[in-house]
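Q: I am new to this structure and would like a close look at one part of it. Could you walk me through the pocket I ask about below, along with its surroundings?

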Amino acid sequence: MAEELADQPHNAAEELADQPHNAAEELADQPGSSAEISQTFVFTEEQQQLRAAVRKFCADNFDEQTVRRLMESEPRFDPKVWARLGAELGVLGMSVPEDDGGVGGTLVDQAVAVEEFGAALACGPFVGTVYLAIPALVAAPAGAARDELLGPLVEGARTAAVVFADRAGAFDPAAVTVTSDGSTLTGTASQVVDADAADDLLVVANGPDGVALYAVDAAGAGVTRTPLVTMDLTRPQATVEFSGAPARLVAGPGDAEQVITRALQVGSALLAVEQVGAAQHLLDLSVDYATSRLQFGRPIGSFQAVKHRLANMLVDLEHARSTAYHAVWALVDGSDDPAVAASIAQATCSAAFSTIAADTIQVHGGIGFTWEHQAHLYYKRAATDAVLLGSAEQHRSRVADLVLDTAASDRPPRVATGTR
């Protein structure tokens with residue numbers, strides 16, 4: 001039988017070799033294939049340098065012992081380090097136009113920095129200031145209140161928190177609990193992230209002519225802040241009560257909903273990128289432990305069960321990274337529907353971070369459950385982030401609503417094709 005096969009003029013491999021085009025070549029010849037993609041998403045040399053600079057800064061200022069100290073201090077961040085992030089590195093408002101006091105970068109630049117903050121579990125009012133307040137002010141129409149607030153936030157001289165009502169990362173006017181008479185605010189908002197030590201509050205309130213966005217001095221009259229006990233001590237929250245608190249209009253009823261929607265989309269995308277950074281750190285931590293921890297005279301990473309777990313963690317991470325930066329990309333150039341992209345990113349990254357955080361504890365075994373090990377800090381961050389701007393289930397439901405239930409047949413949502 002072997003001799004008969006040997007006498008054949010061509011075996012299977014030779015027949016494939018004789019074909020004018022193999023499968024890859026045929027795909028390359030297809031219109032719109034990867035061979036014809038003129039641009040791909042890659043980080044520029046400047047962005048790589050930015051990543052290295054932020055990573056070094058985090059290593060110097062947000063090491064594990066520093067994070068543990070800060071999360072039990074008041075306030076739960078170092079104002080001097082925060083000021084350096086703004087004035088020295090300029091990474092608090094990377095996407096703010098130069099005319100508004102920023103460096104004139106893009107949201108991708110901001111995302112690169114945020115990914116490193118997530119990896120280090122950096123302590124600071126990132127959600128309130130960087131993810132929500134600054135994007136809201138950039139989207140707001142020019143005005144005295146807006147211009148006075150934005151510069152100090154970008155420079156790191158002041159911090160902020162945003163009081164809003166959302167449903168899975170989408171603005172919900174019906175859920176607004178604060179009212180305004182045009183110059184003062186009254187009402188109570190619960191679980192406001194970073195409100196405990198914020199200098200300024202951006203508050204969505206029902207005004208005389210509809211929902212509007214107002215700025216309030218957090219330390220001013222008529223404002224009471226009650227810190228809450230949270231699972232993630234690095235991400236503080238507070239209940240804020242307004243009792244005739246003086247307020248300045250930032251965006252009126254004609255602009256407020258659009259401004260808040262933009263801020264929530266940017267916040268969802270940046271939070272997703274932060275989750276990717278934290279998940280990457282946990283995967284690196286797990287791989288390092290699996291290759292150094294010996295059991296039965298061999299590294300535990302050589303056992304098939306551990307290999308499979310690590311492989312699944314990598315797949316989840318890469319999937320999350322793709323959706324997170326796709327959301328950022330969609331917000332930068334409008335290539336895809338930003339609402340759909342942001343919800344896909346949150347649904348994917350929240351689930352991936354939670355799974356990787358749990359698997360990291362499993363890989364580390366007994367030591368992974370202890371207070372002394374850093375794994376539980378990231379696990380708590382994952383649990384908090386998973387519901388911060390809507391849960392994964394809520395975002396999946398929202399994607400279904402946008403794509404299936406409310407999408408018009410003549411104007412379907414834009415979906416990435418791999419080209420730009």
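What volume does the second largest pocket have?

A: Happy to help! Please keep in mind that this is a predicted model. The second largest pocket has a volume of about 320 Å³. It is lined by 18 residues, and those closest to its centre are Arg-55, Glu-116, Ala-119, His-281 and Asp-284. To find your way around, look for H4, H7, H10 and helix H11 (304–333), the elements that give two or more residues to this lining. H10 gives the most, with five residues. By class, the lining of the second largest pocket divides into eight nonpolar, three polar and seven charged residues.

Let's start with two of these elements, H4 and H7. Helix H4 covers residues 45–61 and helix H7 covers residues 107–120; their axes come within 9 Å and cross at roughly 30°. Angles under 35 degrees count as roughly parallel, and H4 and H7 are therefore roughly parallel to each other. The crossing of H4 past H7 is right-handed. On the H4 side, the contact is made by Gln-47, Leu-50, Arg-51, Val-54, Arg-55 and Cys-58. Their partners in H7 are Val-108, Asp-109, Val-112, Ala-113, Glu-115, Glu-116, Phe-117 and Ala-120. Sorted by class, the residues of this contact are eight nonpolar, one polar and five charged. Two names should look familiar here: Arg-55 and Glu-116 belong to the contact of H4 with H7, and they are also among the residues closest to the centre of the second largest pocket.

Next comes H10, the helix that gives five residues to the pocket lining. Helix H10 runs over residues 256–292, and its axis comes within 8 Å of the axis of helix H8 (residues 126–139), with a crossing angle of roughly 145°. H8 passes H10 in a right-handed crossing. From H8, the residues in this contact are Val-130, Tyr-131, Leu-132, Pro-135, Ala-136 and Ala-139. They meet Val-259, Arg-262, Ala-263, Leu-264, Val-266, Gly-267, Leu-270, Leu-271 and Glu-274 in H10. The contact of H8 with H10 has twelve nonpolar, one polar and two charged residues.

H8 also leads us to another opening, the largest pocket, which holds about 700 Å³ of space. Of the 30 residues that line this pocket, Asp-166, Ser-190, Gln-191, Val-192 and Leu-388 are the closest to its centre. H8 is one of the elements that give two or more residues to this lining, together with strand S1 (160–163), strand S2 (166–167), S5 and helix H13 (375–388). The largest share, five residues, comes from S5. By class, the lining of the largest pocket has 20 nonpolar, eight polar and two charged residues. Gln-191 deserves a second glance: it has a positive phi of about 55° although it is not a glycine. You will find Gln-191 in strand S5, which spans residues 184–193.

Besides the pockets, the structure holds two cavities of 30 Å³ or more. The largest cavity contains about 70 Å³ of space. Its lining is made up of Arg-76, Phe-77, Gly-124, Pro-125, Asp-194, Asp-196, Ala-197, Ala-198, Thr-234 and Pro-236. These divide into five nonpolar, two polar and three charged residues. The second largest cavity has about 50 Å³ of space. Around it sit Met-71, Met-231, Asp-232, Leu-233, Thr-234, Trp-371, His-376, Leu-377 and Lys-380. Five of its lining residues are nonpolar, two are polar and two are charged. Thr-234 appears in the lining of the largest cavity and again in the lining of the second largest cavity.

One last stop is a detail of the backbone. Glu-74 and Pro-75 are joined by a cis peptide bond, with omega at about -5°. Pro-75 lies in the loop between helix H5 (64–70) and helix H6 (79–87).

To come back to your pocket: picture about 320 Å³ of space, with H4, H7, H10 and H11 each giving two or more residues to its lining.

Key. Residues are numbered from 1 along each chain as its sequence is written. This is a predicted model: local features need pLDDT of at least 70, side-chain atom pairs count only at pLDDT 80 or more; totals for chains, interfaces and linings use all residues. Side-chain values use heavy atoms; hydrogens and water are left out. On a 1 Å grid over the protein atoms alone, a cavity is a set of points where a 1.4 Å probe fits but cannot get out, and a pocket is an open set with protein on both sides within 12 Å along at least five of seven lines; lining residues have an atom within 4 Å of a point. Grid points are joined across faces, edges and corners, and a volume is the space filled by probe spheres set on the points. Ala, Val, Leu, Ile, Met, Phe, Trp, Tyr, Cys and Pro count as nonpolar, Asp, Glu, Lys and Arg as charged, and the others, Gly among them, as polar. Axes are lines fitted to C-alpha atoms, for helices over the stretch in contact, and angles run from 0 to 180 degrees between N-to-C directions. Helices (H or I, at least four residues) and strands (E, at least two) are DSSP runs, numbered from the N terminus. Angles under 35 degrees count as roughly parallel, over 145 as roughly antiparallel, 65 to 115 as roughly perpendicular and the rest as oblique. A crossing is left-handed if the near helix is turned anticlockwise from the far one by less than a right angle, and right-handed if clockwise. Contact means heavy atoms within 4.5 Å.
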